[in-house]
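Visitor: I would like a close look at one part of this model, with the terms spelled out. Please start from one pairing and work outward.

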Amino acid sequence: MAPSVARLLKALIMSFLLCLSLLFFSGDRAAIKRIAYEFVEDKAKEGVIYVEVRYSPHLLANAKVHPIPWNQKGGELTPDDVVQLVNEGLREGERAFKIKARSILCCMRHMPKWSMDVVELCKKYRNKGVVAIDLAGDESLNCEAYPEHRKAYEEAVRCGIHRTVHAGEAGPASVVREAVEVLKAERIGHGYRTLDDKALYKKLLAQKMHFEVCPISSKLTGAWNLEFTEHPIITFMKDKANYSLNTDDPLILNSTLNDDYRTAHTHMGFTEEEFKRLNICSAESCFLPDKEKRELLNTLHAAYGLIQTTAF
């Protein structure tokens, strides 16, 4: 019998692009706030107790952004306004559904001119719901050709902004190496192709680098073309890597986090003990302040009947 997902009290690190849900409502203040609120409601129904959701504020704006995305007409909604609206929606969702939600702001690889704006927004809202910066998009667009991304991440390091990078999903292991060595990423979004570079994988295992994995997304997007039974996530599991199980683009791909858990159990041999372990890894690698992280870990340890540890 599959383990009860609700009973597992998932503390997940989402690799979910909220912008793909919101892009249909770009420029609509009420819709952006409402969808952020309903996102928290959906996660609460899935048994999540903490979530980090990521999106690109520039992709949802129609003012003070160039070019204006989605062929919109110019308006009055700036990237700063978008962050405020999403923060408000997440906070209202937290109060209503009794879970914790934070956000990560995405730089987009194909729009390097936005990256410094993104890190400035991370700095401005770091104590108001935003916990990290991310880099997403076409992995062939590297930082050698687009140094704006590197500069934004250097500023993030200087200011103590947490950092994650989408890398090694469809691109080669060299993109993961760049994320870690150049951008100083603390977590890797997906990271499956890391396994193609054995020395790099061994190094990241030893460093306990956190991988944000999304099995269903990787299959449906074509990032992984083989069967689930041959997915790199199985290697992460066997090697006791530091990783979390997430959903990605649920609106577009018509999947939920519960589907990813069922897939891991049915096709990859995941046990309830492994689900517990990876959820503890999620909490240990989350971008909450230390006090809130300890509280999250205490909640999970109590629910799982585990001996508590303060190491993270």
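Visitor: In strand 7, which residue is the bridge partner of Ile 188?

Guide: The partner of Ile 188 is Phe 211, in strand 7. This is a predicted model, in which local features need pLDDT of at least 70 and side-chain atom pairs count only at pLDDT 80 or more, while totals for chains, interfaces and linings use all residues. Residues are numbered from 1 along each chain as its sequence is written, and side-chain values use heavy atoms, with hydrogens and water left out.

Strand 7 covers residues 210-213 and runs parallel to strand 6, to which 3 bridges join it. Strands here are DSSP E runs of at least two residues, helices are H or I runs of at least four, and both are numbered from the N terminus. Two strands pair if DSSP finds at least two bridges between them. In a regular strand the side chains alternate between the two faces of the sheet. In strand 7, His 210 and Glu 212 lie on one side, Phe 211 and Val 213 on the other, and all four are buried, so both faces are covered. Buried means under 20% relative accessible area, exposed over 50%, and partly exposed in between, with a 1.4 Å probe and protein chains only.

Strand 5 (residues 162-167) is largely enclosed by the rest of the structure, because 5 of its 6 residues are buried. Strand 5 pairs with strand 4 (residues 130-136) in the parallel sense, over 2 bridges. One bridge there links Ile 133 to Arg 163 of strand 5.

For the chain as a whole, there are 13 helices and 8 strands, and 58% of the 312 residues are buried. Of the contacts with a separation of 6 or more, 70% are between residues 24 or more positions apart; contact means heavy atoms within 4.5 Å.

Helix 3 (79-97) holds Asn 87, which is buried at a relative accessible area of 4%. Leaving out residues up to four places away in sequence, Asn 87 touches Ser 103, Tyr 125, Lys 128, Gly 129 and Val 130. Asn 87 and Tyr 37 are 50 residues apart in sequence, with their C-alpha atoms 9.2 Å apart in space.

Helix 2 (residues 29-45) crosses helix 3 at roughly 35 degrees, and their axes come within 8 Å. Axes are lines fitted to C-alpha atoms, for helices over the stretch in contact, and angles run from 0 to 180 degrees between N-to-C directions. The crossing of helix 2 and helix 3 is right-handed, which is to say that the near helix is turned clockwise from the far one by less than a right angle, anticlockwise being left-handed. Among the residues in this contact are Ile 32, Ala 36 and Val 40 of helix 2 and Leu 85, Val 86 and Gly 89 of helix 3. By class, the contact has 12 nonpolar, 2 polar and 7 charged residues. Here Ala, Val, Leu, Ile, Met, Phe, Trp, Tyr, Cys and Pro count as nonpolar, Asp, Glu, Lys and Arg as charged, and the others, Gly among them, as polar.

Toward the C-terminal numbers, helix 11 (residues 257-268) and helix 12 (residues 272-284) pack at about 135 degrees, with axes 11 Å apart. That makes helix 11 oblique to helix 12: under 35 degrees counts as roughly parallel, over 145 as roughly antiparallel, 65 to 115 as roughly perpendicular, and the rest as oblique. Their crossing is right-handed. Tyr 261, Ala 264 and His 265 of helix 11 meet Phe 275, Leu 278 and Asn 279 of helix 12, a contact with 4 nonpolar, 2 polar and no charged residues.

Helix 12 also packs against helix 13 (residues 290-304), at about 165 degrees with axes 9 Å apart. These two helices are therefore roughly antiparallel, and their crossing is left-handed. Asn 279 and Ile 280 are among the helix 12 residues in this contact, and Leu 296 and Leu 300 among those of helix 13. The contact divides into 6 nonpolar, 2 polar and 3 charged residues.

Some backbone details remain. His 66 and Pro 67 are joined by a cis peptide bond, with omega about -5 degrees; Pro 67 sits in the loop between strand 2 (48-55) and helix 3. Lys 98, not a glycine, has a positive phi of about 60 degrees and is exposed, at 71% relative accessible area. Lys 184 likewise has a positive phi of about 60 degrees without being a glycine. Lys 184 lies in the loop between helix 6 (173-181) and strand 6 (187-190) and is partly exposed, at 43%.
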